[in-house]
Structure formats: C-alpha cells, structure tokens
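Biologist: Could you take me through the salt bridges in this one, slowly and with their surroundings? I would like a close look at that single part, set against the fold as a whole.

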Amino acid sequence: QVQLVESGGDLVQPGGSLRLSCAASGMIFSRAVMAWYRQAPGNQRELVAVISSSSTRNYADSVKGRFTISRDNAKNTVYLQMNSLKSEDTAVYYCNAGMTMGLAGPYWGQGTQVTVSS
C-alpha cells in the first residue's frame, strides 16, 4: 500500500522560507515521478513542481526561481524548498506520486498547510 506523508507546513512571514518533505512507502520510489500540488480556498488544485526519476524538473511559472524540488532516493523522500514566500503561496500543499511527467499520479498525501502572513 502506497503512503505519502507530508510535513513542514507552517505559518511564515512574507519573504520567508520553508522546506516541505514527503516521505513515501509501499512503492519503488526511485522509479516514481514525484510532484507537489497546492490548493488554496476556492481554487482548483494546481501543479507547483514535478521531478522525474532522472531528476528532470518542471515548475509552475508562479514559483520559478523561488521554489526548488529535489529528491533523495536513499530516504524515499521528496522535498520542496520554498524561498521568498508570498501571501499568494498560502495553500494546502499535497505530495503526489505517479509514473508519467505531465499527469497527476494516483497517489496523494494528506496535505500540509502553508500560510504566508504577517
């Protein structure tokens, strides 16, 4: 059974930084496409960043240059380093696992809340 467990969400001031983690189990992590999505109240869930098994990365235009996705296959963990946070980054962030770049995979974590506010 695949499990994805996110952590690292918090309340942070504008301009601050956070690092989200997603620990995976029950899957061959090194072969998976891993992604971070987010959903703000009243909005649809949107892709933030994705990393392939070979570490090819894609980002939403709104986070390019500020967010970095990375993976540690030895720890079965994917990270999202978020810098220069803005109020519009406030959302629940979800970890996602699948096999195809460009498509949301079938596995989701429970989400972690990121709030950017002064």
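Modeller: Happy to; here is the fold in outline, followed by the salt bridges and two other spots. Please keep in mind that this is a predicted model.

Let me begin with the setting. The protein has 11 strands and 0 helices, so the run of elements from the N terminus is β all the way, β-β-β-β-β-β-β-β-β-β-β. Its radius of gyration is 13 Å, which agrees with the value near 13 Å that a compact globule of 118 residues would have. The C-alpha trace spans about 40 × 25 × 25 Å along the principal axes. Of the 118 residues, 41% are buried. Among contacts with a separation of 6 or more, 54% are between residues 24 or more positions apart. The exposed surface comes to about 6,100 Å², with carbon and sulfur atoms supplying 46% of it.

Now to the part you asked about. Side chains of opposite charge can pair when their charged atoms come close. Searching the whole structure turns up 4 salt bridges. One of them joins Arg38 to Glu46, with the closest N and O atoms 2.7 Å apart. The two partners can be placed by the cut-offs for burial, under 20% relative accessible area for buried and over 50% for exposed. Arg38 has a relative accessible area of 6%, so Arg38 counts as buried. Glu46, at 36%, falls in between and is therefore partly exposed.

Next comes the salt bridge between the side chains of Arg66 and Asp89, at 2.8 Å from N to O. This pair links distant parts of the chain, 23 residues apart: Arg66 lies in the loop between strand 6 and strand 7, and Asp89 in the loop between strand 8 and strand 9 (91–98). Arg66 is buried because its relative accessible area is 10%, and Asp89 is buried with just 1%. Arg38, Glu46, Arg66 and Asp89 are joined into one network by salt bridges that share partners.

Lys64 and Asp61 make another salt bridge, their closest N and O atoms being 3.1 Å apart. Here both residues, Lys64 and Asp61, are exposed.

Strands 7 and 8, named above as neighbours of those loops, also belong to a sheet. This open sheet has 4 strands in the order 1-3-8-7, with antiparallel pairing. Strand 1 (3–7) and strand 7 (67–72) each have a single partner strand, so they stand at the edges and one side of each is left without a neighbour in the sheet. From one strand to the next, the twist averages 15°. Between strand 7 and strand 8 (residues 77–82), the antiparallel pairing runs over 6 bridges, and Phe67 has Met82 in strand 8 as its bridge partner.

One last stop is Ser52, in the loop between strand 5 (46–51) and strand 6 (57–59). Its relative accessible area is 8%, so Ser52 is buried. Leaving aside residues up to four places away in sequence, Ser52 touches Ala32, Val33, Arg71 and Met101.

To return to your request, the picture to keep is the network of Arg38, Glu46, Arg66 and Asp89, alongside the exposed pair of Lys64 and Asp61.

Technical notes: Residues are numbered from 1 along each chain as its sequence is written. This is a predicted model: local features need pLDDT of at least 70, side-chain atom pairs count only at pLDDT 80 or more; totals for chains, interfaces and linings use all residues. Side-chain values use heavy atoms; hydrogens and water are left out. Two strands pair if DSSP finds at least two bridges between them. Helices (H or I, at least four residues) and strands (E, at least two) are DSSP runs, numbered from the N terminus. Axes are lines fitted to C-alpha atoms, for helices over the stretch in contact, and angles run from 0 to 180 degrees between N-to-C directions. The radius of gyration is taken over C-alpha atoms; the globule rule is 2.2 Å times the number of residues to the power 0.38. Buried means under 20% relative accessible area, exposed over 50%, partly exposed in between (1.4 Å probe, protein chains only). Contact means heavy atoms within 4.5 Å. Accessible areas come from the Shrake-Rupley method with a 1.4 Å probe; for residues, only the protein chains shown count as cover.
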